[in-house]
Amino acid sequence: MRALVAIVALLAASSAEAQSRCITTPEAEAMTLVALPDIIQQTGIICTTRLPSSSLIRRTDSEFLDRYRDAADRAWPNARAAIVKLSDPMIDSLLQSEFARPLLTAALAPLLVGRINPADCGTIDRFVTQLAPLPPQNTAGVIVTTLRYFKAEKAKGKAIAVPDLPLCPEGQR
């Protein structure tokens, strides 16, 4: 999730007007779907010494990861539109390049997974294994719903480290 926030921060920092914009839940889910294959793959690298080679997050050529890559391909147009919405319409032409998405996700996924404590790899593996039967869209929904919940708890004054992804209030389009 932090990788997505970094994308948003890099692109939205261009103007005060852009910072007042928000993304809807479906847009946030599209951005999450686009980032997930690289996040899963990078997490597998971080957890190499802690997990068996049969672990879903360690297997780079698997039906599991292929489903996430396919979902990311389908989600890219909506994610790209959300990024443009948060930044400047002129950035859309830059994001049309076939190299834009791989560069964004490959550069930003390590920002998230670099903070993973290897001691947490077993928990991450169990979490991913439990979510694996779900369609990737559902996993993205779980992540965005969890983020929305944590943001609400933080707004109530709870000490929660949560990315500041500019989510629109529920029901706003």
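Trainee: What span should helix H4 have, and how far apart are its end C-alpha atoms?

Mentor: Count the residues and allow 1.5 Å for each. In this predicted model, H4 runs over residues 63-86, which makes 24 residues. The expected span is 34 Å. The end C-alpha atoms lie 33 Å apart, so the two values agree.

Trainee: Where in H4 is there a kink?

Mentor: Look at Ala75. The helix bends there by about 50°. The proline Pro77 follows shortly after.

Trainee: Now charges. How many salt bridges does a search of the whole structure find?

Mentor: The general idea comes first. Side chains of opposite charge can pair when their charged atoms come close. Here the search gives five salt bridges. One of them joins Glu27 and Lys85, with the closest N and O atoms 2.9 Å apart. Glu27 belongs to helix H3 (residues 25-46) and Lys85 to H4, so the bridge ties together parts that are 58 residues apart in sequence.

Trainee: Are Glu27 and Lys85 buried or exposed?

Mentor: Check the relative accessible area. Glu27 has 18%, which makes it buried, because the limit is under 20%. Lys85 has 26% and counts as partly exposed.

Trainee: Which residue does Arg69 meet in a salt bridge?

Mentor: Start with helix geometry. An α-helix has 3.6 residues a turn, so residues three or four places apart point the same way. Now the case. Arg69 pairs with Asp66, at 3.3 Å from N to O. Both sit in H4, three residues apart, about one turn of the helix. Arg69 is partly exposed at 27%. Asp66 is partly exposed too, at 38%.

Trainee: Which residues are linked in a network of salt bridges?

Mentor: Glu153, Lys156 and Lys158 are. Within it, the side chains of Glu153 and Lys158 come to 2.6 Å, N to O. Compare their surroundings. Glu153 is buried at 6%, whereas Lys158 is partly exposed at 46%.

Trainee: On to rings. How many aromatic pairs are there?

Mentor: Two numbers describe such a pair: the distance of the centres and the angle of the planes. This structure has two aromatic pairs. In one, the ring centres of Tyr149 and Phe150 are 5.7 Å apart, and the planes meet at 55°, so the pair is tilted.

Trainee: What is the relative accessibility of Tyr149 and of Phe150?

Mentor: Tyr149 has 49%, which counts as partly exposed. Phe150 has 34% and is partly exposed as well.

Methods. Residues are numbered from 1 along each chain as its sequence is written. This is a predicted model: local features need pLDDT of at least 70, side-chain atom pairs count only at pLDDT 80 or more; totals for chains, interfaces and linings use all residues. Side-chain values use heavy atoms; hydrogens and water are left out. Helices (H or I, at least four residues) and strands (E, at least two) are DSSP runs, numbered from the N terminus. The expected span of a helix is 1.5 Å times one less than its number of residues. The bend at a residue is the angle between axes fitted to the seven residues ending there and the seven starting there. A salt bridge is a side-chain nitrogen of Lys or Arg within 4 Å of a carboxyl oxygen of Asp or Glu. Buried means under 20% relative accessible area, exposed over 50%, partly exposed in between (1.4 Å probe, protein chains only). Rings of Phe, Tyr and Trp (its six-membered ring) pair if their centres lie within 6.5 Å; planes under 30 degrees apart count as stacked, over 60 as edge-to-face and the rest as tilted.
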